[in-house]
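Reader: I like to see the rule behind every label. Could you take me through the terms one at a time, each with its reason?

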Amino acid sequence: MGRPEKPIATLNLGLLALARWLREIRTNAQLTYIELAARTGHAYSATTLQRAASGKRVPRLPVVEAYAVACGGSLEQARRRWRHARAVEHSAALALGSAPRPRLVENAAELRAALREMYHRAGAMPLREMERRAGLGRLPRSTMRRMLDGTTMLSKDQMLAFLTVCDVPEREHQDWLDALSRVWDKRHSWYDNELFKNLNEPAEQFIPDERKLPSGRGRSTSNAGAQRSQFARGRPANKNGKRLKPGVTTTG
């Protein structure tokens, strides 16, 4: 089995548990690191695999997965232990637990905070790796980066891919989709109100100053509704709302 490994020295209890588990499954499989590297198809060297179980830093997830599979260990356990080690690593710098649960999310800021927290609890996987696991074009890392920075929001399909890659249980997906729906409904409601709020104002606001009309169009004395249509569409209209050819004027 080679030389005994050095003791694990880390303050990250999640990393400690991960390193111990990796060493345990290798011991049970009775493999040297050279043999372990061969079982990965030499995708990773013996040095890389030994470093993964050293406990000095959290290894990359693909390395942990390859290590576990080569030793006959559980892939699900490998991912769960890796996520925990990464979450502990990030918890010192982040106030995890401050974001609302998806059912309590009411606006875009709260949803982004909840997604960021979920992302870090899931191990804060590198965005390039998340993009690869989601599949070509399903979850662009540029979109994820903007979402985590608070400058954009994921679409429904992107949200599902994000939840899947972060290993969020499928039974919880609907809560996140409902939160996303509430956020988009509020955003569109605000947009519509801003876009159409002037329709309740006096019609005179929509009548252009005749002195500013381009030459050749003449003056219009049609009713307010037709004037509004003329101003909105950029072409003259009679009082029945029918558009006329440029240069034609209407009379009362």
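**Labels and their reasons**

Reader: Why is Y33 called buried?

Author: Y33 has a relative accessible area of 9%. With a 1.4 Å probe and protein chains only, buried means under 20%, exposed over 50%, and partly exposed in between. Y33 is therefore buried. A word on the basis: this is a predicted model, where local features need pLDDT of at least 70, side-chain atom pairs count only at pLDDT 80 or more, and totals for chains, interfaces and linings use all residues. Residues are numbered from 1 along each chain as its sequence is written, and side-chain values use heavy atoms, with hydrogens and water left out.

Reader: What makes Y33 and Y67 an edge-to-face pair?

Author: Rings of Phe, Tyr and Trp (its six-membered ring) pair if their centres lie within 6.5 Å; planes under 30 degrees apart count as stacked, over 60 as edge-to-face and the rest as tilted. By this rule there are two aromatic pairs. In the pair of Y33 and Y67, the centres are 6.3 Å apart and the planes stand at 65 degrees, so edge-to-face is the right label. Y33 belongs to helix α2 (residues 33–39) and Y67 to helix α4 (residues 61–70), so the pair ties together parts 34 residues apart in sequence. Y67 has a relative accessible area of 0%, so Y67 is buried.

Reader: How do you know that the charged end of R26 sits over the ring of Y33?

Author: The rule asks for NZ of Lys or CZ of Arg within 6 Å of the ring centre and within 35 degrees of the ring normal. The charged end of R26 is 4.1 Å from the centre of the Y33 ring and is counted as sitting over that ring.

Reader: What are the helices here, and how many does the chain have?

Author: Helices (H or I, at least four residues) and strands (E, at least two) are DSSP runs, numbered from the N terminus. The protein chain comes to eleven helices and zero strands. One of them is α1 (residues 13–29), where R23 lies.

Reader: What does R23 touch beyond its sequence neighbours?

Author: Contact means heavy atoms within 4.5 Å. Not counting residues up to four places away in sequence, R23 touches E5, K6, I8, A53, S54 and Y67. R23 is buried too, because its relative accessible area is 15%.

Reader: Why is M153 called buried when a loop holds it?

Author: The label rests on a relative accessible area of 6%, so M153 is buried. The loop in question runs between α8 (141–149) and α9 (156–165). Beyond four places in sequence, the contacts of M153 include L111, L115, L180 and W184.

Reader: Which residues lie nearest the centre of the largest pocket?

Author: Those are R101, M118, R121, E172 and W176, out of 23 lining residues. The elements giving two or more residues to this lining are α5 (75–91), α6 (108–121) and α10 (173–196), and α5 supplies the largest share, five residues.

How values were computed. 1 Å grid on protein atoms, 1.4 Å probe; cavity = no way out; pocket = protein on both sides within 12 Å on 5 of 7 lines; lining within 4 Å.
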